[in-house]
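Please open the model in a viewer and keep the selection tool at hand. The tour proceeds by stops, each with something to select and something to inspect.

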There are 2 protein chains.
Amino acid sequence: MSSTNQRAFNFNAGPSALPLGVLQTAQEQLVNFNNTGMSIMELSHRSKDFEQVHNEAIARLRTLYAVPDNYEIIFLQGGASLQFSMIPMNFLQQDGQADYILTGVWSEKALAEAKLFGTPVVAASTKDHHYKHIPAIDELNLNDAAAYVHITTNNTIYGTQWKEFPATTAPLIADMSSDILSTPIDINKFGLIYAGAQKNLGPSGVTVVIIRKDLLDKANTHIPTMLKYSTFTENNSLYNTPPTFGIYMLGEVLKWVEAQGGLEKIAAHNEAKAKLIYDAIDESNSFYVGHADKESRSLMNITFRLADEELEKQFLAEAKEAGFVGLNGHRSVGGCRASTYNAVPYATCKALADFMVQFQAKH
Amino acid sequence: MSSTNQRAFNFNAGPSALPLGVLQTAQEQLVNFNNTGMSIMELSHRSKDFEQVHNEAIARLRTLYAVPDNYEIIFLQGGASLQFSMIPMNFLQQDGQADYILTGVWSEKALAEAKLFGTPVVAASTKDHHYKHIPAIDELNLNDAAAYVHITTNNTIYGTQWKEFPATTAPLIADMSSDILSTPIDINKFGLIYAGAQKNLGPSGVTVVIIRKDLLDKANTHIPTMLKYSTFTENNSLYNTPPTFGIYMLGEVLKWVEAQGGLEKIAAHNEAKAKLIYDAIDESNSFYVGHADKESRSLMNITFRLADEELEKQFLAEAKEAGFVGLNGHRSVGGCRASTYNAVPYATCKALADFMVQFQAKH
């Protein structure tokens, strides 16, 4: 970017774009928070000023998602990757089964960690189809006696997303790292939802977990304190020092979501944004080819390829030159990817769609 | 604080004071980092801009502490509390022993987590003496065959600090959360050093570990990916998304330490700061009574009591009124505590010492 005031067209897959207004508020408050003479980072996590930030963030998330009273909302560290281990550590017995539905690399990683603790079973997988789609609900081989069913609601690498969720007998556990708060959902369908913050919620370094209280009663107890969900629920996520600045930023992002009109509005906005780019793909006469099957397309990560690698390289180089950031596909699959999380503006998506049309016209 | 520009007299125990210049730099760069058109929080952790921040932070810490080449420096999440579990998980066998030296509540917590994984042994404890001192080195009952020896170098709650370290046969593992970078140390004495950032290093949410490479070869392998030290050493702490903003702030704090003239200068400064307050205690004719024995006094946390609880309450109330923050003792022990970490200015300590003398004169 040549001007210091110009914002990049940020399509990063995570960490990713944050609302400009949130960043400006954080900037304004950074040295002196709430007239305390201290930065938010310098406050004790047991001070009234911080506890208010902390509790308001929880309350806002509860309201936005209409989280029922029989669920707790907690903040952890370590990202979704640590959740991959904490879930079986807390809920899987050594001789117990859990159902894993594989829709990409992140579900595979979750499965791998579960193998250390019990017997996870693959209840469905679309790997043979290069993870181009989400399995149909009637194709899931669910075991009613499983400790839980694990899914990844949005698959950043392949650009697929669950559109509806199965009604499971076992508690449904969902990695929502890359589409949390992107659309309204019925929390009652889930036993546990987890998400690293760095896509739709805030900066990296905070993990949000929404957990149904009855799961806590059944959890294993002979595990390390910091890896027990109950340590967090029983101490309002303040057993030890939490990532205070990350929680503050999360709270500011939640205020922004409210100011957008809530999740219905956010969802409509996300749909309109994604449509711009999917249309550029669909109307390109196969100049651009989407990776995901249409019915499984993600509204958060739009994955596509060009005719050959040479042209792809040129596309990415020219896009970079034009101020677009983060359009390279994940290093494991290549191609192109536009991540259009909540905070990515409509105008940014429009700019990309226009660029795609222009690039095609030139080549 | 009445003025928006006035800094509080911040004696918080953690999270705690940060250098004003670091906060001002972060503020200036918050919306547009390095002319990228993005906040540091919006950068991919795999981008060149972020990787430079990340690698520079590691390099600065290596230089400041003269960390030898046979040690790795890694960044984790979860605070010291998660390290309490990771250490035995990685280094203790079920039938193995480890020596724990108890100098306060945090060492007790570390010991408790080790019991889940093997047989920790208390090699020394000063609990019977209300943790008023650090045990003498010749009083330690060390087992040469132990997997490791665990110590807490500075005890925030009691205000004690190790002044020299034992030469151990087993690897010496040290929780330095509250005095890391406060004085030069010989890294070669240690197998592993760990520290939550929120006292001397930066904001909460980052944990720094300095680990001797041969410990990695001997570590247990059948443990979750995110709880293995080797996952972090083998991936330059970028196996998954790290807390990018926290690492950036850590790097800025390290620049500030360099600008102060390095660790010798920092140590002299810390000594001069602590002396102001200890002198106010020692010259008070027992109006103020220090908790720690003199030879074990911490330069980071100065703990003291007044004649009775009523007077203590009044002291804390008047101090608060005068703009002092964080002087309450830990909720588990009461009394008063002034935490004088690296970033607490000399003038702030002087203000407290003066206030203590004035309060005494009045009462």
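Which elements of chain B cover the buried residues of α4(B)? The model is a predicted one. Begin by selecting helix α4, residues 105-114 of chain B, where B:V105, B:S107, B:A110, B:L111, B:E113 and B:A114 are buried. Then display the elements of chain B that cover these residues, which include the helix α3 (79-91) and the strands β3 (97-102), β4 (119-125), β5 (149-152) and β6 (154-155). As background to the spacing along a helix, an α-helix has 3.6 residues a turn, so residues three or four places apart point the same way.

Next, turn to the sheet of chain A. Select β11, β12 and β14 of chain A: these 3 strands form an open sheet in that order, with antiparallel pairing. Strands β11 (288-290) and β14 (336-339) of chain A are at the edges; each has a single partner strand, so one side of each lacks a neighbour in the sheet. On average, neighbouring strands of this sheet are turned by 35° against each other, direction ignored.

Zoom in on β12 of chain A, residues 301-306, which 4 bridges join to the antiparallel β14(A). For one residue pair to label, take A:T303, whose bridge partner in β14(A) is A:R337.

Now add the helices that accompany this sheet. Helix α9 of chain A, residues 309-321, lies across β11, β12 and β14 of chain A and runs at about 130° to β12(A). Helix α10 of chain A, residues 346-362, also packs on the sheet and touches β11, β12 and β14 of chain A. The direction of α10 makes about 130° with that of β11(A).

The next selection is a single residue, A:R46, which an unreviewed UniProt entry lists under "binding site". Look for A:R46 in the loop between α1 (20-29) and α2 (48-64) of chain A. Is this residue buried or partly exposed? A:R46 counts as partly exposed because its relative accessibility is 31%. Leaving aside neighbours within four places in sequence, show the contacts of A:R46: these are A:E51, A:L238 and A:Y239, together with B:R331 from chain B.

Finally, display both chains. A turn of 180° with a shift of 0.0 Å along the axis lays chain A on chain B with an RMSD of 0.0 Å. This is the relation of a two-fold axis. To locate the axis from chain A, select A:Q27, whose C-alpha is the nearest to it in that chain, at 2.6 Å. The same surface serves both copies, since 100% of the contact residues of chain A recur in chain B.

Terms used
Residues numbered from 1 in each chain as written. Chains lettered and ligands numbered in written order. Predicted model: local features only at pLDDT ≥ 70, side-chain atom pairs only at ≥ 80, totals over all residues. Heavy atoms only, no water. UniProt positions renumbered as here; feature names shortened; annotations may be inferred. Helix = DSSP H or I, 4+ residues; strand = E, 2+ residues; numbered from the N terminus. Buried < 20%, exposed > 50% of the residue type's maximum accessible area, 1.4 Å probe, protein only. Contact = heavy atoms within 4.5 Å. Least-squares fit on C-alpha atoms with pLDDT ≥ 70 in both. Pairing = 2+ DSSP bridges. Axes fitted to C-alpha atoms, helices over the stretch in contact; angles between N-to-C directions.
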